[in-house]
Amino acid sequence: MFVGSLECDVLLGDVRSLKQKRGVVRPVLAELRRLDVSAAEVGHQDLHRRALIGVAVVAGDAAHVIDVLDQAERLVASRPELELLSTRRRLHDPDDD
């Protein structure tokens, strides 16, 4: 079993409140979930122009995990209302302790 995770630190465009932030982040999370991943806002909840989006996937082989994480990163990067500031990936395999 391989487990992969991706954290996307994003800057939101013209957002002036946490309510507006939710209106921008929720559709992104819904679109990510169509990739059969778990996705959630995992950081910067108190900032209205920043979000940390977490994505996790489990699969039987590492290549599939990497492919899905690549798709998720491209999806976030392609959203015009977001500026992708940085990403962080992790891949855990059966040999990890």
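## Strand pairing and the E2–E3 hairpin

Two strands are taken as paired if DSSP finds at least two bridges between them. In this predicted model, strand E2 (residues 38-43) and strand E3 (residues 50-59) are joined by five bridges and run antiparallel. One pairing can be named: Gly43 has Leu52 of E3 as its bridge partner.

The two strands form a hairpin, with six residues lying between E2 and E3. His44 is in the turn of this hairpin, that is, in the loop between E2 and E3. The phi angle of His44 is positive, near 60 degrees, in a residue other than glycine. With a relative accessible area of 26%, His44 is partly exposed, because partly exposed covers the range between 20% and 50%.

## The loop between H1 and E2

Asp36 is located in the loop between H1 and E2. Its backbone has a positive phi of about 60 degrees, although Asp36 is not a glycine. Asp36 has a relative accessible area of 69% and is therefore exposed, the cut-off for that class being over 50%.

Arg26 belongs to helix H1 (residues 18-33). Its relative accessibility is 58%, so Arg26 also counts as exposed. Along the chain, Arg26 and Asp36 are 10 residues apart, and their C-alpha atoms are separated by 16 Å.

## Packing of helices H1 and H2

Two packed helices are described by the angle between their axes and the distance between the axes. For H1 and helix H2 (residues 62-78), the axes come within 10 Å and cross at roughly 150 degrees. H1 is therefore roughly antiparallel to H2, since angles over 145 degrees are placed in that class. The crossing of the two helices, H1 and H2, is right-handed.

Which residues of H1 and H2 meet? On the H1 side they are Val28, Glu31 and Leu32, and on the H2 side they are Ala72, Leu75 and Val76. By class, this contact of H1 with H2 comprises five nonpolar residues, no polar residues and one charged residue. The charged residue is Glu31 of H1, because Glu is counted as charged, whereas Ala, Val and Leu are counted as nonpolar.

Notes: Residues numbered from 1 in each chain as written. Predicted model: local features only at pLDDT ≥ 70, side-chain atom pairs only at ≥ 80, totals over all residues. Heavy atoms only, no water. Helix = DSSP H or I, 4+ residues; strand = E, 2+ residues; numbered from the N terminus. Buried < 20%, exposed > 50% of the residue type's maximum accessible area, 1.4 Å probe, protein only. Axes fitted to C-alpha atoms, helices over the stretch in contact; angles between N-to-C directions. Parallel < 35°, antiparallel > 145°, perpendicular 65-115°, else oblique. Left-handed = near helix turned anticlockwise from the far one by under 90°. Contact = heavy atoms within 4.5 Å.
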